[in-house]
Amino acid sequence: MRDYYTLYVDKLTGEYREAFRGIEAYAVGISAADDTMEEKMNELLDLFLNAQEEGKPVQKLVGKNMEHFCDTYFSDITWKSRMLDFFDRIKSVAWWILVFSILDLVGAVLFGDAGETGATVAMRDDDILSLVTIFLSTYILSRLAVLGIRHLLFQTKKVSYGAMWWIQVISGLVIGLLVLLAVFHMSYEVSVPVWAEAIVCSVYLIFYYIFNRKRVAARKQEKTTLSAQIDQQYPQTMMDTFHSKNKWRRRLHRPELTMEDYVGQVEKSDRFYRKYGVFLYYIFPAAVVFVVTIAMVLFDQFETNGDILWFVMILGVCEYLIFIPLGKMAKNNSRRVENWLEDYYKGKG
């Protein structure tokens, strides 16, 4: 369902778009499984699109009190859905702990430090109880903070709905950071071997994917459907971009682009990706890791070879977790651009 929401939410305009932003701002503070929230938001999007098409005033949909409308609309979200959201978040934490645990074990094996490393946790200077405390405290306190801020913002109505969304998100991040700093200053320790962390996280992830296999399969299908729909609508997207560029040029009192000019810009951008894309998304991160590591070595920031390997592995994993998805997105976009250019020249010929 996420594909429908992504593709059609931008079709809302004027008061319909503004009201829908208010509902999106309200939804920031709701704990519910992704599929539940997607279903609720897509149903609401249908209502707004139909109202916009029929010219029905927004007030007839949401009434005079936006917060009351949202309270009523989302009141049927079950505790099961809220717990699924909680388990989804634990799944993300479990993956991170598992990755760092494996990296720590690899470093211990390569440098013969298995005894010492086995007595520490994945993040070395931290302990498993701190990690659990950080997660639970951040989750609970950030939710409570967002709920309070959301109610205050809806009552004062002195900021736009778009600003409300950002205020709530940033507030949650700040609360999380404060909890993180507070927990790191605590003195208690409960040492857990890395291999035990890896086993616990692996068991949790196995059971998570077994009991959520239908949800996982549905999400994969959504991604496939979304990609196909984006491919289908890409020609219109390119034309919308062309008209948007000329709209801004008119505002700046600059001459409008011709279609040939626009196609030339698109081709130039695509040539840049095909020429440097592999370097930007796959080689550049490795180069950054190499340069940063050399700089750290020159300034004597490492005590042992194991510390160097640990740093390289952690930084490399973090870099590629960011750049590989970006590279895949850029590759898909380049494929769509090439198909659009091919169709354009066929139609012109």
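**Exercise 1. Find the residues of helix 11 and helix 13 that meet in this predicted model, then sort them by class.**

Solution. Start on the helix 11 side: Ser227, Ile230, Asp231, Tyr234, Pro235 and Met238 make the contact. Their partners in helix 13 are Asn333, Arg335, Arg336, Val337 and Trp340. Now sort by class: you get six nonpolar, two polar and three charged residues.

**Exercise 2. Work out how the axes of helix 11 and helix 13 cross.**

Solution. Two numbers do the job here, since a packed helix pair is described by the angle between the axes and the distance between them. Helix 11 spans residues 213–251 and helix 13 spans residues 305–348; their axes come within 10 Å and cross at roughly 50°. That makes helix 11 oblique to helix 13, because an angle counts as roughly parallel under 35 degrees and as roughly perpendicular from 65 to 115. Last step, the hand: this crossing is right-handed.

**Exercise 3. Count the disulfides, and say whether Cys201 and Cys318 are buried, partly exposed or exposed.**

Solution. For a disulfide, look for a pair of cysteine sulfur atoms within 2.5 Å. By that rule the count is zero. On to accessibility: Cys201 has a relative accessible area of 8%, so this residue is buried. Cys318 comes out at 28%, which means partly exposed.

**Exercise 4. Sum up the fold of the whole protein.**

Solution. Take secondary structure to begin with: there are 13 helices and zero strands. Next comes burial, where 36% of the 349 residues count as buried. Finally, take contacts between residues at least 6 apart in sequence: 78% of them join residues at least 24 apart.

Conventions. Residues are numbered from 1 along each chain as its sequence is written. This is a predicted model: local features need pLDDT of at least 70, side-chain atom pairs count only at pLDDT 80 or more; totals for chains, interfaces and linings use all residues. Side-chain values use heavy atoms; hydrogens and water are left out. Axes are lines fitted to C-alpha atoms, for helices over the stretch in contact, and angles run from 0 to 180 degrees between N-to-C directions. Helices (H or I, at least four residues) and strands (E, at least two) are DSSP runs, numbered from the N terminus. Angles under 35 degrees count as roughly parallel, over 145 as roughly antiparallel, 65 to 115 as roughly perpendicular and the rest as oblique. A crossing is left-handed if the near helix is turned anticlockwise from the far one by less than a right angle, and right-handed if clockwise. Contact means heavy atoms within 4.5 Å. Ala, Val, Leu, Ile, Met, Phe, Trp, Tyr, Cys and Pro count as nonpolar, Asp, Glu, Lys and Arg as charged, and the others, Gly among them, as polar. Buried means under 20% relative accessible area, exposed over 50%, partly exposed in between (1.4 Å probe, protein chains only).
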